[in-house]
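Okay, thanks for making time, everyone. I'll put the chain up first, then go from the whole thing down to a few individual residues.

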Amino acid sequence: MAKELPTTAKAVVIGGGIVGCSTAYHLAKLGWTDTVLLERKKLTSGTTFHAAGLVGQLRSSANITELLGYSVDLYNRLEKETGLATGWKMNGGLRLACNDARWEEVKRQATTAQSFGLEMQLLSPSEARDLWPIMSVEDVVGAAFLPTDGQANPSDITQALAKGARMAGASIFEDTCVTDIRIENGKIKGVQTDKGFIECEIVVCCAGQWTREFAQRFGVNVPLVPVQHQYLITETIPDMPRNLPTLRDPDRLTYYKEEVGGLVMGGYEPNPILWAEDGIPEDFHFSLLQSDFDHFEPMMELALGRVPALETAGIKELVNGPESFTPDGNFILGEAPELKNFFVGAGFNAFGIASGGGAGMVLAEWVAKGEPPYDLWAADIRRFGKPHFDDDWIKKRTVEAYGKHYTMAWPHEEHQSGRPFRTSPLYDRLKAAGACFGEKLGWERPNWFAEIEAGETPEDIYSFGRANWFEAVAREHKAAREAAVLIDQTSFAKFHLSGPDAAAALDWIAAGNVLRPNGSVIYTQMLNEKGGIECDLTVTRLEENEFYIVTGTGFATHDYNWILKNIPSHANCTLSDITGERSVLSLMGPLSREILGQVTEDDISHNGFPFATGRMIEIAGHPVLALRLTYMGELGWELHMPVDEVGAVHDALMRAGAPLGLKNAGYRTIESCRLEKGYRAWGSDIGPDHTPVEAGLGWAMKLKSGRDFKGRAAIETQKAKGVRKMLACFTVDDPDVILLGRETIYRNGERVGWLSSGGYGHTIEKSIGYGYIRNLDGVDAEFVQSGSYELDVALTRVPCRVHLEPLYDPQIKKIKS
């Protein structure tokens, strides 16, 4: 007798692929036994059944690597737990390098693996061929081998997860289509299916390539695109070893795995074909697309050079199955900012099998506990913004991201598609002045300026060495330290909070003291319940209950959502996003006061306009909100104004500053200066896994005030017990060493962490890195400073020095070596 559809559930999971089944499995394991999974057709019938099944772990994010490592741990035990075969084989993963640049990339990946606790072995071409004897290695420079990577049977592993979910108490219903979600006053009340209504408050949408269209019906944006992805399955190849590791050959854009004595071979072509641009066919399940041999032919030609046996191997099938891809190549997890209790797990970019176990685990914890087990910013749905609502932009950027799947991952590389999408009113002026633009959340932003009259071209040339913009940034940096620079930061996210309870609400959300007098500018963090840093921003108190909040461009959706959802339910206040209404110019440098004084009659003296204050001034007849603060360490102001005023203000400042050496500058100069001054960057140096105490930002909290704030209890506990990690600065004397981040930190010969960020300080003329020094028995300043340190850079140990104070203090012109 068929099980009857329940009328209530604690959570409903939509989609019976590997991620949906994993989420239901983990929710049930957490005690949510009244979890219901609904699948419109049969389990695995969407994308999972035709996945290639390679399972790799290493990514550029430590936590995404941990998530993928969890998948491996789960797959290792799942068959024993459920009694169902999974097809899981930990046969290792091999990655080839066929030129010097790729070999440098692989060596840096090996350092990253080491930093994150993964074993990764570097091999010679002959050693690689010993592991994969049917390949040709004439063009191979070297290879990397991860012994804990592997492969799985996607359908079998999903069925095992489904059985495990049922064993733990969850219910799974196939052939049950969700037709609607009932929402009242912004709250989910239940889901309507073709078999009846289920009352619930939480929905987890793991509907694969159907997710975007489905979620849009309820105001939720999930930027993904179905893309055709093909792989070849051969007949049995004579003398084929059955224990081959998976093989990735990025310089030939291809991947391989052994299957029943034959090979699976696929790749990532530079010209992918989108699918279902007008919608997915109604009855698409257990369905494949027509094989496109002409489109696959270039992949086949590349593969023949690596595996000559393919020339005579019989072809069993050319599988063409659509997979959902995203504009940045990372998957999408988390609670939708547009709809409370609507969670998403989708857009897995053809590594859903590798991600499935871990993605289901973190989604389940996110649902059950209100926050993920660790920082997942790289996959967080709140990383998206305005361009990700534009279907045309999403398609263009996703095509580019797909085509870059196996191309070189250069440091600081910018995407080119869909640009320009969003520009400052100064875009044309800055372009004419030699700006080389980067892009963040759709905004065009100046990264650096070429001296066009000297023959320089404003174009990035990427390298693992010193990049072509190095000297340009040095010029801008020198101007910032000795004269002044003007930087267009219009892309800053800007919010307005007002209402009778605005001050009380913000005082609860912010760890810093936002109740300072009107006109104060407050640098503050906003913390989660574990004391981790969710937001890092500035707040200007305009009036008693009116605040102007400024945060980083890329964090617009995340920070707005964090503030909005943490305003107490009883509070009478309104949060508005005014990013598009305001432009920002940052005037920074020791001569910035002298320059500003030539275009305003307002008192901008130190006593008349102290640090960390803001007020309205007039510049060349235009009203400007001037905030005296800095992210570069120099005297300076952020100048905020309506977008239609910025052109005149910019021109007036440039005219006044030209005789004093004022230069345009870009974001790479900001980065160089902030590294020297020791300012932290959210998303790298600080984030939800790091507390202000660990990051050296304890001074920014209002602990002495006696007032409560979100995360305070965790901070007080940590201060009482001490910390197990501490952020420190590292410098390298060798001028040839390039620090990019993720280099391994060694203290007295023992691995204690990795760099969260890296770059170059043009004043101190050294490479600089920041990273957390970890020790389970506790870390303090004495522990940090008593050690002898090395950094592993591309598997070479480099001596370095550790610092807990800024390397450069403009107030006393002090340089630390």
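Before the first number, one bit of vocabulary: when I say contact, I mean heavy atoms within 4.5 Å. With that in hand, take the contacts in the chain between residues at least 6 apart in sequence: 71% of them join residues at least 24 apart. And keep in mind throughout that this is a predicted model.

So, the overall picture. The chain has 18 helices and 40 strands. What radius of gyration would a compact globule of 817 residues have? Near 28 Å, and the chain comes in at 27 Å, so the two agree. If you lay the C-alpha trace along its principal axes, it spans about 80 × 65 × 55 Å. Of the 817 residues, 61% are buried. The accessible surface is about 31200 Å², with 48% of that belonging to carbon and sulfur atoms. On charges, there are 82 positive and 109 negative ones, and their mean positions sit 5 Å apart.

Now let's zoom in on one helix, α15, which runs over residues 646-657. From first C-alpha to last, α15 reaches 16 Å, close to the 16 Å expected for its 12 residues. Is it enclosed or open? Nine of the 12 residues in α15 are buried, so the helix is largely enclosed by the rest of the structure. The buried set includes V646, G647, V649 and H650, and further along you'll also find L653, M654 and G657 in it. As a reminder, an α-helix has 3.6 residues a turn, so residues three or four places apart point the same way.

Next, some backbone oddities. The peptide bond from R419 to P420 is cis, with omega near -5°. P420 is in the loop between α9 (391-403) and α10 (427-432).

Then there are a couple of positive phi values. D239 has phi of about 65°, and it isn't a glycine. You'll find D239 in the loop between β13 (225-234) and β14 (246-249). Buried or exposed? D239 is exposed, at a relative accessible area of 75%. R742 is another non-glycine with a positive phi, near 80°. R742 belongs to the loop between β33 (723-732) and β34 (744-747), and with a relative accessible area of 32% R742 is partly exposed.

Two more residues and I'm done. E371 is in the loop between α8 (352-369) and α9. With a relative accessible area of 17%, E371 counts as buried, because the cut-off for that is under 20%. What does E371 touch, leaving out residues up to four places away in sequence? The answer is E365, W366, N528, E529 and K530.

Finally, F437, which lies in strand β20, residues 435-440. F437 is buried too, at 11% relative accessibility. Leaving out residues up to four places away in sequence, F437 touches, among others, Y427, L430, K431 and P446. R419 is also one of the residues F437 touches, and that's the residue from the cis peptide bond to P420. For a sense of distance, F437 and S124 are 313 residues apart in sequence and 40 Å apart in space, C-alpha to C-alpha.

That's my tour. Happy to go back to any of it on the screen.

Methods: Residues numbered from 1 in each chain as written. Predicted model: local features only at pLDDT ≥ 70, side-chain atom pairs only at ≥ 80, totals over all residues. Heavy atoms only, no water. Helix = DSSP H or I, 4+ residues; strand = E, 2+ residues; numbered from the N terminus. Expected span 1.5 Å × (residues − 1). Buried < 20%, exposed > 50% of the residue type's maximum accessible area, 1.4 Å probe, protein only. Rg over C-alpha atoms; globule rule 2.2 N^0.38 Å. Areas by Shrake-Rupley, 256 points an atom, 1.4 Å probe, with all protein chains shown as cover. Lys, Arg positive; Asp, Glu negative; His and termini not counted. Charge placed at Lys NZ, Arg CZ, Asp CG, Glu CD.
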